[in-house]
Every structure is written in C-alpha cells, then in structure tokens.
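Trainee: I should like to learn how the features of a structure are read. May we go through one together, step by step?

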Amino acid sequence: MTQTARSAKTAAGEPAVAVEGLKVLYGERVALAGVSFEVPAGTCFGLLGPNGAGKSTTMKVLCGLVRPQAGWVRLFGREVSGGHADAGRIGYVPQAITLYDKLTAQENLALFGRLSGLRGAALAARMETVLTQVGLADRAREPVARFSGGMKRRLNIAAALLHEPELVIMDEPTVGVDPQSRYHIFNLVREMKTRGVTVIYCTHYMEEAEALCDHIAILDHGAVIARGPLSAVLREHAEPAVYLELDEPGYPEAPAGVTPPVVTGASPPQPDGDGWLYRLTAGHDALAVLEAVAGACRGQGLRVRRLEVVRPALERVFLKLTGTSLRDEA
Amino acid sequence: MAVWTLTRKEWLLLLRERGVVFWLLVLPMVFILVFGAVFSHLSGTGITVPYVNLDGTKAAQAFLDAVKKTGGLTLSQEPASALADQKARVAAGRQSLLLVVPQGFGRALAHGTAKVALYRAAGSDQSTGPVLAAVEQAANTYRMQAVAKTLAAHGLPMPAVAKVLAGPVRVEDVEVNAQTYDALAQIVPGYTVMFAFYTIISIVRRFHLDKDLGMTARLMTTRLRPWQYLAGAWLPYGMAVCVQCAVLLAFGRLLYGVHLGDVLAIAVLVAAVALCVTSMGLAVAVWVKSENQGNAWTQLFALGGAMVGGLWFPIDMMPHTIQIIGHLTPQYWAQQGMQTVMLRAGHVAAIWQNVAVLAAFSAAAFALAAWRFPRFLRGAVSG
C-alpha cells in the first residue's frame, strides 16, 4: 500500500496525531506536565523548546518508548497505550546517530528494514530508493565509519523512511551537518509533505522551523506555552514592524549625519542591521506607519533604498516566550 | 525472524571487531599451548630422566630397563662425556635430576655391592620424588631376588619363599575406567571452559554500547519486542561460545592428542556451557550500570570460578573449604563433566547431572536477566 493511499485512510479532518494531557515523571523530575497538541495530517509540525523542555520525552511517548503516567495519544484516529501498535506507521529519526559504524550503509538499512517487517526484493527496492533519496546510492557498500557527519545524518534519516511510514518523527536531524546536507534534508522533508507524510520536526534552529513547519508547538518546563499554525503563533506573540534603509551618500558606513524620521503610531526607530526598525505602538496599523515613514522621508528629502513591513522572526517570539536565561540540561 | 536478524548483525559486528579472534581463540590457544607444554611432564609418562651409563654392561642396561618398567617416566641417555656438564646443570638448578650408573656396576652387582646415584636439585622434591621412588623400586627388585636366592639356598621351598617375600601388606593398584591420565586432560578443557566465560564481557559491551549510542531505544521503535532483543543477544553469543569451545578442544586434540571421548557427550556439555555463559552474560549486562562494572564482575566470575572450580588444578588438590565453594560454581560442573567424558569414557547418561546443574545456573541467571531487563530498557530509552 502506498503512503498516499494509507494516509487517505485517516478520516477527513482527523489529525494524524492528537495528544492530550500527557504527564511523564522521571523519578521526582517532571518531564511533561500535561502536554496537549494536534498535528494535522500531511503537514510538518515543529516541536520547539529550550533544552529540557520535554521535546524528546514527547517524541518518545509518541514512539511508544515511554509510557505516560497520565494523558493519551491518538495516532491516525486510534488511541495507543504505548508499545508497538503503530511501529509500522511511524519512522523515528533520533538525535543520536544510531548506526553501527562497522556495518556498511546497506547492512545498517537491511537491519532496520528487516526489523520493520521488510524482506527480500521489497527490502532491496526500498533500500535503493531511500539511498537515492538521501544521496548515498553510490556509497551503499561502504562502512559507515568512513562517512562524514552529514552522510551519517542522512543515512540515519533513510533508516527511518525504509518502511514508508505515514508519520516521521525527526529529533534535531540537522545537528552538526554542512549546508549541503542541510539543504538535502530540507528537500527531503518538503518531498515527504508533498507525498502526504506527516512530519514532526524537533529543532533548536528557529529558521529551520520557519522554513519547514506549517504548525508549531513551543514547550517549556514540560508544558506547551504556544501552539498553532506558525503564522498564527507569530501574529499572536509579536506585532509586525516597519523596516527602513536609506540611500544617502556614504551610508551605511557613515550614518551619523543621517537621521530617520520619527512618525506617529510607532516607537522611535531603533538601529537594526543596515537600517532602522519601527515597532508599532498599540492600536496602530503597519501599513499606515509604512505610509507615514515614506511621507516623512519624502518631506525631509531622504532617498529610500528599502521600506517594508516585516514579519517578526520566530526566534524573537521564542525568546520572548521562553526567556533568555541559560537552560543547561541536567 | 527478528531474532535471526539481530543474530546476523551481531555476527557481522563480531567478525569485524578487531581483536575478537585474538581474544576468543588465539589467546586461549596460547594458554593451552604454554601451560600444556609446562605441565605435560606431570603426566604419567611425561617425566623425563636424563641418565649417564658409565658401565655399559648388560647388567647396567637390565637395571635401567627395570627402572623404566616401573612406569611413569622416560629415560633419556646422555653421553659419558656430558657427565660433568650434567652434574653442573643439576647443581645450578637448571636441571632437576640425573641418574648415573657408575663404571663397574655389573661387577659390583655380582658381589651384591652395586650402587647407582640419583642427583636431585635442592627443592625439587615434588617433581623428582616419584623418580626417586621408581629407582628405589627397581633396586628393591634386585634385593628381593637376592633374598629369594638365599632362602632357596637354605632349602626353603619356592612357595614358602614367595610367601615370605610377599609381605604382610599389599597395595592393589586399581585404575578405574581411566584412559591415560594426562595433565593436558586438565588444561585443555579447563582453559576452554575458563575462556568461554569471558564471552560475558562481549555481551555486556554490546548492551551498554547500544544503550549509550541510543541504539536500544531506536531498535525499540521498530517492531522488535523486548524479549526478541534479549534473545537476539543470547543466540549469537551462544553460537560463538560453541564455536570457541569446538575450536579449542580440537586444538588440544590435534596438538597434544588429548582424548576427547564421546563427541556427542562433549557437544551436549558445550551447549550447556554456552547456555550458562550467555545467560550469565545477559544477567550481568542488565544489572550493571556501566561496561567497566560489567568487566569487573566478569573477571570475578571467570577467574574466581576457574580457580575454585578446578579449572587450573584438580579440585582435590585444594583445601576442603575451597572444594565446597568450588561445587557452587558452574565451572566445576562443566570441568567435571568434561573429565567424565574425556578420562572416564563417560557418555551422555554419565553427565546428566552436570548438564542439569549447568541448566539450573542458566535458568537462574536468565530469570535474573528477564526480571531486570525492563528497568534496563527504561534507562536505555529515557537517557
């Protein structure tokens, strides 16, 4: 059965993953304190949070590795009580590279493929497909020990895709990889989405979440502090701003003599990169402020190089919600 | 099928692990080779006695033949010219003994005054004592013959002479079911069993590498069941122990001609040893907190068990208390079983008790492993 056909079996509107009130304790330590979220089928869902927030524990609960003390998980409309009921529908890409260095890429894949129920020609065909997908087809017979960090990361992902899972859970899949491998991994995630595969993507890199995720949940201290479609979370937790760059002689090397205008509806402009940022004050519209800045510049005879309404970066929202204090894991 | 998949993976890793062949096979072979060579002279026909025959008469040769006939030793002739050098070697402790038949031995024997000299290095009583006894036994034969002649000359009938010479106490030498006893029949199975227990280290290493790497957790996200993970570690190492034992016993057979006896019975014992070792390996692996801790426990089980279980020396050479403790080790039952087959021509029926005890050890160890495994697994996936 193909992935698309299998995904279609999820009832219309039914989320691929629904989590409600998850509580997990490791001894005295609270890892999850009532986590709830939903992941729409066929989307990429960003699971974000500082170290120790509960992301890995949440993923382990979804994979059936950790049994919650309270709450429930529903995968594709069916409640799971932990364990292996849905092992065939889930592909897990752990943060650690779980490959045997002394085995070849092919032997590692064969191990995971067989343990996922693949055999014979079907296994061989799938191995060829995923090796091609991750750009390692010509290195299939080499021991993993000879691979670079990026190649190992890609093979780590390939091992999770062998059995054509409907849900792929990726725990920081781009840690320590070069830009080329990261680009390849991004394409792989986008390709999965186009095939209807649901992806839960856990990362510390906010630009990755912005580039790949449709929905996000931000966890902190074992609880969800923000969730929803990415754009909605950004809208809810940060106002847009107006960005201005001038085109004056000697600018931006010698901007001292150049003063950006002050306008109503925004705080005084703050230097930001090569220009200035106008943060909106309460009740004001970004477009009105943009027009005011443009008019003021015209009035003062300043030539404008760039003037735009900018969406706040996810990183800013993340830091606003989780704070800036260090979170060293115990 | 999952168990076989893990077994296949483990064999590939084992075969590619640098040093595995050395630790599993070469090192035990070296031990068997070295200790076999060192202790083989302790076997019945293994003591070699250098001798110098300065007389060269038929009578001297007859005496040497009588010494040889006592059994338990081999005579090795040295030329008369080497006498001084041989004595110097004994004096320097580089040689433990030297038998010298002096010139004129034949003539002196005719007069009843013959003498031979046995030079023995100081402090070598344990190894040369049996030789002294053998030479005295040969000399005693001549004394008996002289007494018999004298009694007959005084008119005592031969049956009466025989009765007088027989003595009031006789020793009946009964060798029960034994093939040729040989120190090698101690060393070859002893080191085979001892090194089989070192497989515990490999099992502990696999469990803790998998745990630290996150592999245990990753494997558990597939369709693999926890019991299959346990069985997938047990089966490949069980097979490895069987191969290791087969190679080491065959090595002993080819190199030293050790008598193996009933191969089926040996195979049953090897399988029982493999079951026991791997079950203990699983138990140690899931109970210890680190690989280092596992290595320490393995040394305790392997070396401690070898010492008190009679793998290094026959257990009856040890103090009574140690012998009692020895009975509590699986090594004792394995070694006794091996020797029942190899020395006393035992078959499967003769070793059922040994196999049963080894199976009981296995069952206990496996129960401990199964009991603790869920906790190990929780630690492995939550780490």
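**Reading sheets, strands and spans**

Mentor: Let us begin with a sheet in this predicted model. In chain A, four strands form an open, antiparallel sheet in the order E2-E1-E4-E5.

Trainee: Which are the edge strands of chain A here?

Mentor: They are strand E2 (29–39) and strand E5 (78–80) of chain A, each of which pairs on one side only. Direction ignored, neighbouring strands of this sheet are turned by 30° against each other on average.

Trainee: What packs on the sheet?

Mentor: Helix H2 of chain A, residues 55–63, packs there and touches E1, E2 and E4 of chain A. The direction of H2 makes about 115° with that of E1(A).

Trainee: What holds strands side by side in a sheet?

Mentor: The strands of a sheet pair through backbone hydrogen bonds, and the pairing is either parallel or antiparallel. For an antiparallel case, take strand E1 (residues 17–26) and strand E4 (residues 70–75) of chain A, which are joined by five bridges. Ala18(A) has Arg74(A) of E4(A) opposite it.

Trainee: Which strands pair with E3(A) in the parallel sense?

Mentor: One is strand E8 of chain A, residues 198–202, which pairs with E3(A) over four bridges. In that pairing, Phe45(A) has Ile200(A) as its bridge partner. Strand E9 of chain A, residues 215–220, also pairs with E3(A) in the parallel sense over four bridges. There, Ala217(A) of E9(A) stands opposite Leu47(A).

Trainee: Why is strand E3 of chain A largely enclosed by the rest of the structure?

Mentor: Five of the five residues of strand E3 (residues 44–48) of chain A are buried, so the strand is largely enclosed. In a regular strand, side chains alternate between the two faces of the sheet. In E3(A), Cys44(A), Gly46(A) and Leu48(A) lie on one side, with Phe45(A) and Leu47(A) on the other, and all are buried.

Trainee: Turning to chain B, which domains does the domain assignment give?

Mentor: Domain 1 of chain B comprises 2–40 + 182–382, and domain 2 comprises 45–166. The C-alpha centres of these two domains of chain B are 49 Å apart.

Trainee: Which residues of chain B does UniProt list for "transmembrane region"?

Mentor: The unreviewed UniProt entry lists several spans under that name, including 229–251 and 351–371 of chain B. In the model, residues 229–251 of chain B are 100% helix and 0% strand, with end C-alpha atoms 34 Å apart. Residues 351–371 of chain B are 95% helix and 0% strand, and their end C-alpha atoms lie 30 Å apart.

Terms used:
Residues numbered from 1 in each chain as written. Chains lettered and ligands numbered in written order. Predicted model: local features only at pLDDT ≥ 70, side-chain atom pairs only at ≥ 80, totals over all residues. Domains from an automatic or database assignment. UniProt positions renumbered as here; feature names shortened; annotations may be inferred. Helix = DSSP H or I, 4+ residues; strand = E, 2+ residues; numbered from the N terminus. Pairing = 2+ DSSP bridges. Axes fitted to C-alpha atoms, helices over the stretch in contact; angles between N-to-C directions. Contact = placed C-beta atoms within 7 Å. Buried ≥ 20, exposed ≤ 12 C-beta atoms within 10 Å, placed from the backbone.
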